[in-house]
Amino acid sequence: MLSVLRSELKYWISYQDSLILQAELNELLMPDSYSEDGFYRVKSLYFDSLNQKDYVQKLDGVENRKKIRMRIYDEDTDTVKLECKHKSGALQHKESLLISREDAARYMEGDYGTLLDYEEELAWRLYSDMTLGCYRPVVVIEYERFAYMYGEYNTRITIDRHVRSSELSLDLFDKDLPWIHTVEDAVILEVKFDGKLIEPIKRILAKYHLTNVSVSKYGSGRPVLERYLT
């Protein structure tokens, strides 16, 4: 099981500015292993409770909240990341469990029984939360990502573009979903670090006069539900 606790800052940035920023970051940071050949796809299936508790808490700006998702980078994969991401202010705590493709297919049907077969404590907690809360798949979110890593303070910077979602078809392994583009002409910049952000990165980001925002791909990826609630 992977467990990561760190600060996370999010910004909107224009597509043009993101290209300039990326050119500057290329001079300072190394891309992570996924980004060695450029942008890569990230595809996640989010779960929510029967009363959409996690989505509503996001809309209401609740300080302590969570999201549960399954994540892949290729539809032909044999393994899937099952993740629980907790937010408390600017702090993010992400826990990940590697599961089989077969188990992922069961969870898409609302059958979480095999979580009890895993030894990790996270699996037992997720089984309890998802069963008692009547969690079901609600949306697939996909986007292109370029990520940078810097060893000091466990720093990670991601640039996400072409965000799209599917609320009507929820098969994570389907290569041809009915997508809705949820973020047009803008890019999501995320800056994650332990303790503090190093000065060279601060100086580069300061040039763009960025404002930290509470942007959520999950929140923006549910326009059908949003129309229903309003």
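This section describes the pockets, the cavity, the cysteines and one helix of a predicted model.

The largest pocket encloses about 500 Å³ of space. Its lining comprises 30 residues. Those closest to the pocket centre are Arg6, Lys94, Arg145, Arg156 and Lys192. By class, 16 lining residues are charged, ten are nonpolar and four are polar. The lining draws on many elements. Strands S1 (2-14), S3 (40-48), S4 (64-72), S5 (79-88), S6 (91-100), S7 (136-150) and S10 (186-193) each supply at least two residues, as does helix H6 (217-220). S1 gives the most, with five residues.

The second largest pocket has a volume of about 250 Å³. It is lined by 18 residues. Lys10, Arg65, Lys87, Gln92 and Ser214 lie nearest its centre. Nine of the lining residues are charged, six are polar and three are nonpolar. Strands S1, S4 and S5 each contribute at least two residues to this lining, and so does helix H2 (53-60). S1, S4 and S5 are also among the elements that supply at least two residues each to the largest pocket.

Enclosed space was examined next. A search of the whole structure returns one cavity of 30 Å³ or more. The largest cavity has a volume of about 30 Å³. Its lining consists of Tyr15, Ser18, Leu19, Gln22, Phe39, Ile159, Arg161 and Val187. Two elements, helix H1 (15-26) and strand S8 (155-166), give two or more residues to this lining. H1 provides the largest share, four residues. In composition, the cavity lining has five nonpolar residues, two polar residues and one charged residue. The lining of the largest pocket, in turn, holds 16 charged residues beside ten nonpolar and four polar ones.

The cysteines were then considered. The disulfide count is zero. Cys84 is in no disulfide, and the nearest cysteine sulfur, that of Cys134, is 17 Å away. A disulfide requires two cysteine sulfur atoms within 2.5 Å. The sulfur of Cys134 therefore lies too far for a bond, since the closest cysteine sulfur, in Cys84, is 17 Å from it. Solvent exposure was also computed for both residues. Cys84 counts as buried because its relative accessibility is 2%, and the cut-off for burial is under 20%. Cys134 has a relative accessibility of 35%, so it counts as partly exposed. That class covers values between the 20% limit for buried residues and the 50% limit for exposed ones.

Helix H2, which helps to line the second largest pocket, has a buried side and an exposed side. Its buried residues are Asp54, Tyr55, Gln57 and Lys58. Viewed down the helix axis, these residues fall within an arc of 165°, so they line one face of H2. The face turned away from the buried side carries the exposed residues Leu59 and Asp60. Just after H2, Gly61 adopts a positive phi of about 70°.

Conventions: Residues are numbered from 1 along each chain as its sequence is written. This is a predicted model: local features need pLDDT of at least 70, side-chain atom pairs count only at pLDDT 80 or more; totals for chains, interfaces and linings use all residues. Side-chain values use heavy atoms; hydrogens and water are left out. On a 1 Å grid over the protein atoms alone, a cavity is a set of points where a 1.4 Å probe fits but cannot get out, and a pocket is an open set with protein on both sides within 12 Å along at least five of seven lines; lining residues have an atom within 4 Å of a point. Grid points are joined across faces, edges and corners, and a volume is the space filled by probe spheres set on the points. Ala, Val, Leu, Ile, Met, Phe, Trp, Tyr, Cys and Pro count as nonpolar, Asp, Glu, Lys and Arg as charged, and the others, Gly among them, as polar. Buried means under 20% relative accessible area, exposed over 50%, partly exposed in between (1.4 Å probe, protein chains only). The arc is that of the directions from the helix axis to the C-beta atoms.
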